[in-house]
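Q: Please take a close look at one part of this model and describe how its helices pack. A connected account is preferred to a list.

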Amino acid sequence: MTELQHHLSMNMKALRKGMGISQADLAEKVGAAPNYISLIEQGKKFPSARMLERIAYALNIHSIELFSQEYSPNANIEQVRQEIIANLKTAVDTAFDRIKQ
């Protein structure tokens, strides 16, 4: 699998799951077979430019975003990590403020 295919497959899957839709739902929106969407997400098939645009439209993004590293699992993990740290800091600050009173 090429790096381009890797980003496409990871991003499609992450975006699709983020929208709460199945491969079959996405396939229906873009006029493709569910197994074709599965093959793209596995990195075994690479869609045409026209299909990439239909997929992007169905996922409510610009087609170029399908290849962005922004949607990679590591980017999501980092975002979650930062949110957890911020929430922990808030909780600790709140607890210490209560103790001081």
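How close do the axes of α1 and α3 come, and at what angle do they cross?

A: In this predicted model, the axes of α1 and α3 come within 7 Å and cross at roughly 125°. That crossing makes α1 oblique to α3. On the α1 side the contact is formed by L8, S9, M12, K13 and R16, which meet I37, I40 and E41 in α3. By class, the residues of this contact divide into 4 nonpolar, 1 polar and 3 charged.

Two of the residues in this contact, R16 and E41, also form a salt bridge through their side chains, with an N to O distance of 2.7 Å. The pair links distant parts of the chain, since R16 lies in helix α1 and E41 in helix α3, 25 residues apart. Both ends of the bridge lie in the interior by the accessibility criterion, where buried means under 20% relative accessible area. R16 has 6% relative accessibility and therefore counts as buried. E41 has 10% and so counts as buried too.

The count of salt bridges comes to 2. The other entry to describe joins the side chains of D93 and K89, at 2.9 Å from N to O. D93 and K89 are 4 residues apart in helix α5 (residues 73-100), which means about one helical turn separates them. Here the surroundings can be stated residue by residue: D93 is partly exposed, with a relative accessible area of 35%, and K89 counts as exposed at 52%.

Helix α3 has a further partner in α2. Helix α2 (residues 23-30) and helix α3 (residues 34-41) pack at an angle of about 110°, and their axes are 8 Å apart. The two helices are therefore roughly perpendicular to each other. The residues that meet are Q23, A24, L26, A27 and V30 in α2 and P34, I37, S38 and E41 in α3. This contact has 6 nonpolar, 2 polar and 1 charged residues. E41 is named in the contact of α2 with α3 and in that of α1 with α3, and I37 likewise appears in the α2 contact and in the α1 contact.

The nonpolar core gives another view of the same region. The largest nonpolar core has 17 residues, and those touching the most other members are M12, L26, V30, I55, L59 and L66. The elements giving two or more residues to this core are α1 (3-19), α2, α3 and α4 (49-58). The largest share, 5 residues, comes from α4. M12 belongs to the α1 side of the contact with α3, while L26 and V30 belong to the α2 side of the contact with α3. As background, nonpolar side chains tend to be buried together in soluble globular proteins.

L59 shows how parts of the chain are brought together at this core. Not counting residues up to four places away in sequence, L59 touches M12, L15, R16, M19, L26 and L66. R16 is thus a neighbour of L59 as well as a partner of E41 in the salt bridge.

A58, in helix α4, is buried, with a relative accessible area of 8%. With residues up to four places away in sequence left out, A58 touches M19, L26, K29 and V30. A58 and A27 are 31 residues apart in sequence, and their C-alpha atoms are 9.4 Å apart in space.

N60 is placed in the loop between α4 and α5. N60 has a positive phi of about 60° although it is not a glycine. Most residues other than glycine have a negative phi. N60 is also exposed, with a relative accessible area of 62%.

On helix α1, H7 offers one more point of contact. H7 is buried, with a relative accessible area of 12%. Leaving aside its neighbours within four places in sequence, H7 is in contact with L66, F67, S68 and Q69. L66 is also among the core residues that touch the most other members.

For the chain as a whole, the secondary structure comes to 5 helices and 0 strands, and the elements run α-α-α-α-α from the N terminus on. Of the 101 residues, 28% count as buried. Among contacts between residues at least 6 apart in sequence, 55% join residues at least 24 apart.

Technical notes
Residues are numbered from 1 along each chain as its sequence is written. This is a predicted model: local features need pLDDT of at least 70, side-chain atom pairs count only at pLDDT 80 or more; totals for chains, interfaces and linings use all residues. Side-chain values use heavy atoms; hydrogens and water are left out. Axes are lines fitted to C-alpha atoms, for helices over the stretch in contact, and angles run from 0 to 180 degrees between N-to-C directions. Angles under 35 degrees count as roughly parallel, over 145 as roughly antiparallel, 65 to 115 as roughly perpendicular and the rest as oblique. Contact means heavy atoms within 4.5 Å. Ala, Val, Leu, Ile, Met, Phe, Trp, Tyr, Cys and Pro count as nonpolar, Asp, Glu, Lys and Arg as charged, and the others, Gly among them, as polar. A nonpolar core is a set of buried Ala, Val, Leu, Ile, Met, Phe, Trp, Tyr and Cys residues joined through side-chain atoms within 4.5 Å. Buried means under 20% relative accessible area, exposed over 50%, partly exposed in between (1.4 Å probe, protein chains only). A salt bridge is a side-chain nitrogen of Lys or Arg within 4 Å of a carboxyl oxygen of Asp or Glu.
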